[in-house]
Amino acid sequence: MSDNGVSDNDISRRRLLATAGATGAAGLVLGGAGGAGVYAAATGSGASPDAKALASVGSTAAPFHGEHQAGITTPLQARGHLVAFDLAPGAGRKEAAALLRRWSAAARTMMAGEPFGDTDSGVALDAGPSSLTVTFGFGRTFFARTGLNSRRPAALDPLPDFSSDHLDARRSNGDLWVQIGADDALVAFHALRTIQREAGDAARVRWQMNGFNRSPGATAQPMTARNLMGQIDGTGNPKPSDADFDQRIFVPADGGAEGPEWMAGGSYAVVRRIRMLLDDWEKLARGEQEKVIGRKKSDGAPLTGGSETTELDLDKTGPDGKLVIPSNAHARISAPEQNGGAAMLRRPFSYHDGIGADGTPDAGLLFICWQADPLRGFVPVQRKLDRGDALSPFIRHEASGLFAVPGGARDGEYVGQRLLES
Ligand SMILES: C=CC1=C(C)c2cc3[nH]c(cc4nc(cc5[nH]c(cc1n2)c(C)c5CCC(=O)O)C(CCC(=O)O)=C4C)c(C)c3C=C
Ligand SMILES: [Fe+2]
């Protein structure tokens with residue numbers, strides 16, 4: 001065992017992943033020619049390579065260690081669980097540090113496709129890593145509970161109220177936040193249960209939400225996700241290849257103006273549970289729905305023409321002299337050029353929590369966006385949307401959270417160690 005409670009087997013498995021992860025890929029495929037055999041050997045499970053021959057979905061792993069936590073630039077997974085915890089009465093900095101150490105060991109092991117500890121439930125046995133990511137964040141209230149108020153980032157100041165908010169405080173915020181994503185439902189559930197079990201007496205679940213995205217391989221070629229309104233959603237996202245991507249999404253290595261230093265390589269997550277009023281939305285004709293967004297439903301192309309990746313022509317008018325992309329179209333109002341350059345990386349999950357007694361679906365978007373500073377990302381854009389977005393009559397913001405997500409753990413470190421132990 002290492003001093004982080006990780007077995008030597010975990011470590012050799014981790015080294016293998018780290019070495020292969022040096023390719024720079026967001027996800028790492030261990031399957032393919034010989035790959036599954038490598039996976040079986042590395043697990044030391046005793047299973048024959050054939051028994052461990054995983055389909056590509058199961059054999060893809062995201063690295064636990066790195067400059068940034070996994071689950072931010074990782075491709076969207078098919079399943080997601082969001083869970084917020086409050087520290088238990090009497091638990092402070094020492095208990096929080098021990099908790100983050102346990103959670104990190106669990107995340108590292110499960111992301112490598114391994115069972116965690118002697119009491120592992122076995123729910124994820126037979127599956128590989130399945131692109132599992134477990135991402136940890138701190139809410140504003142965490143800092144008072146742990147006596148760390150002096151190290152609380154200004155970026156965690158409460159979000160402003162928005163006129164269209166219908167927020168449920170019991171399903172909002174929290175001392176700690178964990179985002180779990182995986183391409184297999186059992187792997188994702190296993191991670192959720194393990195994280196809850198490892199919370200022990202130190203923290204209690206405050207709220208929990210479940211989401212999903214399209215399964216990998218369901219479309220003829222990888223494409224931008226669709227949401228439950230049927231729109232292609234994610235086109236305008238900043239791309240890791242953009243020159244200013246890191247600057248927009250991550251706190252700089254020295255902490256920079258966004259600071260503090262313990263947040264180097266970290267990011268701020270804004271989480272909103274946004275219900276879609278689907279009965280109303282589905283009454284609109286397709287052309288009307290497209291005007292609400294400013295893009296076509298079929299392929300996500302701007303109404304001003306071209307393909308999904310063509311820039312919006314915000315000045316173009318039609319034969320009637322009216323703007324082709326209406327002045328209140330969602331894609332117009334949220335565009336960075338309309339918001340002083342404000343940009344965020346949207347990485348949502350859809351959700352469906354059943355059908356109410358009145359027959360309306362409780363469904364929508366677990367909207368999660370990532371930025372180096374929420375005051376230069378989410379806040380200005382949501383302020384503008386709040387004032388006149390054509391989408392507003394069809395959605396309702398029901399819960400909200402803002403979390404500081406520290407940088408990735410270095411080898412031998414646990415997530416948040418630089419905050420909790422220095
Ligand atoms: C405050 C930020 C945003 C919220 C809240 C939000 C909710 C929301 N959006 C859609 C659907 C689409 N959004 C699209 C683009 C888009 N949305 C935001 C921000 C918020 N959306 C931004 C910054 C952008 C990109 C603008 C740009 O770069 O031009 C689109 C168009 C396709 C795309 O670019 O992704 C759709 C569709 C829903 C359904 C929703 C709440 C449920
Ligand atoms: Fe949007």
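Which elements do the buried residues of α11 pack against? The legends below take up that helix and its surroundings in a predicted model.

**View 1. Helix α11 and what it packs against.** The buried residues of α11 pack against β7, α10 and β10. In this helix, F378, V379, V381, Q382 and L385 are buried. Look down the axis of α11 and these buried residues fall within an arc of 165°, so they line one face of the helix. The general rule behind such a pattern: an α-helix has 3.6 residues a turn, so residues three or four places apart point the same way.

**View 2. The shell around ligand 1.** There are 27 residues around ligand 1, and Q231, T235, G236, S334 and Q382 come nearest. Two or more residues apiece are given to this shell by β7 (267-276), α10 (330-334), β10 (361-371) and α11 (378-388). The top contributor is α11, which gives four residues. So much for where the shell comes from; as for its make-up, it divides into 14 nonpolar, 10 polar and three charged residues. Q382 is worth picking out here: it is one of those that come nearest to the ligand, and it is also among the buried residues of α11.

**View 3. Strand β5, with its residues buried.** Strand β5 covers residues 176-182, and seven of the seven are buried, so the strand is largely enclosed by the rest of the structure. L176, V178, I180 and A182 point one way, while W177, Q179 and G181 point the other way. Whichever way they point, all are buried.

**View 4. The strands that pair with β5.** Strand β3 (residues 79-87) pairs with β5 in the antiparallel sense, over seven bridges. One spot to look for is F85, whose bridge partner in β5 is L176. Strand β4 (residues 133-139) also runs antiparallel to β5, and six bridges join the two. On this side, T135 stands opposite Q179 of β5.

**View 5. The largest nonpolar core.** This core has 96 residues, and M111, V134, A191 and I195 are those with the most contacts inside it. Helix α4 (residues 93-111) supplies the largest share of the core, with nine residues. For a closer look, try A191: setting aside its neighbours within four places in sequence, it is in contact with M110, L132, V134, I180 and A182. Two of these should ring a bell from the β5 view, where I180 and A182 point one way from the strand along with L176 and V178.

Note on methods. Residues numbered from 1 in each chain as written. Chains lettered and ligands numbered in written order. Predicted model: local features only at pLDDT ≥ 70, side-chain atom pairs only at ≥ 80, totals over all residues. Near = placed C-beta within 6 Å. Nonpolar A, V, L, I, M, F, W, Y, C, P; charged D, E, K, R; others polar. Buried ≥ 20, exposed ≤ 12 C-beta atoms within 10 Å, placed from the backbone. Pairing = 2+ DSSP bridges. Arc of directions from axis to C-beta. Contact = placed C-beta atoms within 7 Å. Core = buried A, V, L, I, M, F, W, Y, C linked by C-beta atoms within 7 Å.
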